[in-house]
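Please open the model in a viewer and keep the selection tool at hand. The tour proceeds from one selection to the next and states what is found at each stop.

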Amino acid sequence: GVDAGGEEQPAEKPKQATHNRPSDWICNGTLQPAQLSSVIRGQPSKQVQTCYERALKDNNMLQGSMKVLLTIGANGSVRAVSVSGSLDDQQVYNCVKRVAKTWKFPKPEDGCVRTEVPFQMTPKL
């Protein structure tokens with residue numbers, strides 16, 4: 001039987017596929033800078049330093065700045081990490097991404113937070 005319901009739309013593209021919950025990528029939460037830096041100054045900065053020093057063994061001229069973009073979930077755990085900067089060393093970046101996923105922050109207010117943490121990487125003389 002044919003339904004007299006006008007033209008059938010082809011059902012190829014389900015609309016909802018394009019935006020997987022906006023909450024996944026829109027982060028309007030807040031963390032106080034002091035809360036962030038007090039966490040970063042602890043274990044994280046040591047881990048970043050270790051990543052860097054490991055790479056220094058291969059390249060003792062390696063230095064530069066590094067920006068670590070963190071997406072901190074509503075529960076304070078790191079959900080996503082990306083790294084950029086003039087340091088531009090894939091070994092260091094991959095190491096930092098790995099350790100950053102283990103960092104724990106206070107729970108942000110109002111959901112997740114995106115924040116950028118700068119590191120200056122220079123060899124200790």
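Select Cys-95 to begin: with a relative accessibility of 5%, this residue counts as buried, because buried denotes a relative accessible area under 20%, exposed over 50%, and partly exposed the range in between (1.4 Å probe, protein chains only). The model is a predicted one, in which local features need pLDDT of at least 70 and side-chain atom pairs count only at pLDDT 80 or more, whereas totals for chains, interfaces and linings use all residues. Residues are numbered from 1 along each chain as its sequence is written, and side-chain values use heavy atoms, with hydrogens and water left out.

Add Cys-51 to the selection. Cys-51 and Cys-95 form a disulfide with their sulfur atoms 2.0 Å apart; the term denotes a pair of cysteine sulfur atoms within 2.5 Å. Cys-51 lies in helix α2 (residues 43-58) and Cys-95 in helix α3, so the pair ties together parts that are 44 residues apart in sequence. Helices (H or I, at least four residues) and strands (E, at least two) are DSSP runs, numbered from the N terminus. The torsion about the S-S bond of Cys-51 and Cys-95 is about -75°, so this link is left-handed. Cys-51 also counts as buried, because its relative accessibility is 3%.

Next, select Cys-27 and Cys-112. These two residues form a disulfide, with their sulfur atoms 2.2 Å apart. The pair links distant parts of the chain, 85 residues apart: Cys-27 sits in the segment before α1 (33-40), and Cys-112 in the loop between α3 (90-100) and β3 (113-121). The link of Cys-27 and Cys-112 is left-handed, with -95° about the S-S bond, and both residues are buried. The structure holds two disulfides, and their pattern is 1-4, 2-3 when bonded cysteines are counted along the chain.

Now display the strands. In which order do the three strands of the open sheet lie? The order is β2-β1-β3, with antiparallel pairing; two strands pair if DSSP finds at least two bridges between them. The edge strands are β2 and β3, each of which pairs on one side only. Neighbouring strands of this sheet are turned by 20° against each other on average, direction ignored. Axes are lines fitted to C-alpha atoms, for helices over the stretch in contact, and angles run from 0 to 180 degrees between N-to-C directions.

Zoom in on β1 (residues 64-72), which nine bridges join to β3 in an antiparallel arrangement. Selecting Lys-67 leads to its bridge partner in β3, Pro-118.

Bring the helices back over the sheet. Helix α2 lies across β1 and β3, running at about 50° to β3, and helix α3 lies across β1 and β2, running at about 160° to β2. Contact here means heavy atoms within 4.5 Å.

Within α2, select Glu-53. This residue counts as partly exposed, because its relative accessibility is 33%. Glu-53 and Pro-123 are 70 residues apart in sequence and 8.0 Å apart in space, C-alpha to C-alpha.

Finish with two loop residues. Asp-88 lies in the loop between β2 (78-84) and α3; its phi is near 50°, a positive value in a residue other than glycine. Asp-88 is exposed, with a relative accessible area of 57%. Asp-110 lies in the loop between α3 and β3 and has a phi near 65°, a positive value in a residue other than glycine. Asp-110 is exposed, with a relative accessible area of 65%.
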